[in-house]
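Thanks for sharing this one. Here are a few notes to read alongside the coordinates.

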Amino acid sequence: MPVRLALPVLALLTASAAPAPQRIDVALSNFRFTPATIELTHGRPYILHLSSKGGHSFAAKAFFAAAVIPAADRARIKDGKIELAGGDSVEIHITAPTAGSYPIKCTHFLHAGFGMTGKFVVG
Ligand SMILES: [Cu+2]
């Protein structure tokens with residue numbers, strides 16, 4: 001009887017110990033990321049919500065390689081980037097990697113040169 005009671009209590013404690021992911025909204029437009037600097041805390045869970053008004057990419061190869069991302073979400077990332085058509089939105093669950101600065105850019109022709117760059121800053 002004590003064992004039967006203890007297991008559900010343990011499950012409850014485990015569930016409440018995991019912090020809820022914080023949603024981070026990033027808008028892609030001609031020719032910027034808003035916000036351009038995304039500040040995260042190492043080891044914390046986030047939902048990266050990207051939405052685009054036009055055809056753009058969200059390329060962050062080093063960041064995506066270093067972050068913990070579930071397989072289903074990782075499938076949306078090709079060669080370190082996410083392609084979005086106008087009107088697209090994508091959600092990626094991430095656990096922030098080691099502290100540091102990780103560049104973001106749009107890889108479409110000339111877009112980064114027009115200012116479509118950003119960075120993750122993990123502290
Ligand atoms: Cu672009």
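1. A definition to begin with: two strands pair if DSSP finds at least two bridges between them. Helices (H or I, at least four residues) and strands (E, at least two) are DSSP runs, numbered from the N terminus. The model is predicted, so to speak of local features requires pLDDT of at least 70 and side-chain atom pairs count only at pLDDT 80 or more, while totals for chains, interfaces and linings use all residues. Residues are numbered from 1 along each chain as its sequence is written, and side-chain values use heavy atoms, without hydrogens and water.

2. Four strands form an open sheet in the order β2-β1-β4-β7, with mixed pairing. β2 (32–34) and β7 are its edge strands, each pairing on one side only. From one strand to the next, the twist averages 25° (axes are lines fitted to C-alpha atoms; angles run from 0 to 180 degrees between N-to-C directions).

3. Within that sheet, three bridges join β1 and β2 in the antiparallel sense. Serine 29 sits opposite arginine 32 of β2.

4. Strand β5 (residues 56–59) runs antiparallel to β6 (residues 81–84), joined by four bridges. Phenylalanine 58 has isoleucine 82 in β6 as its bridge partner. Both faces of β5 are covered: His56 and Phe58 on one side, Ser57 and Ala59 on the other, are all buried (under 20% relative accessible area, 1.4 Å probe, protein chains only).

5. Phe58 returns in the largest nonpolar core (buried Ala, Val, Leu, Ile, Met, Phe, Trp, Tyr and Cys residues joined through side-chain atoms within 4.5 Å). Of its 28 residues, Leu40, Leu48, Phe58, Phe63 and Phe120 touch the most other members. Elements that each supply at least two core residues include α2 (61–66), β6 and β9 (117–122).

Definitions and conventions
Buried means under 20% relative accessible area, exposed over 50%, partly exposed in between (1.4 Å probe, protein chains only).
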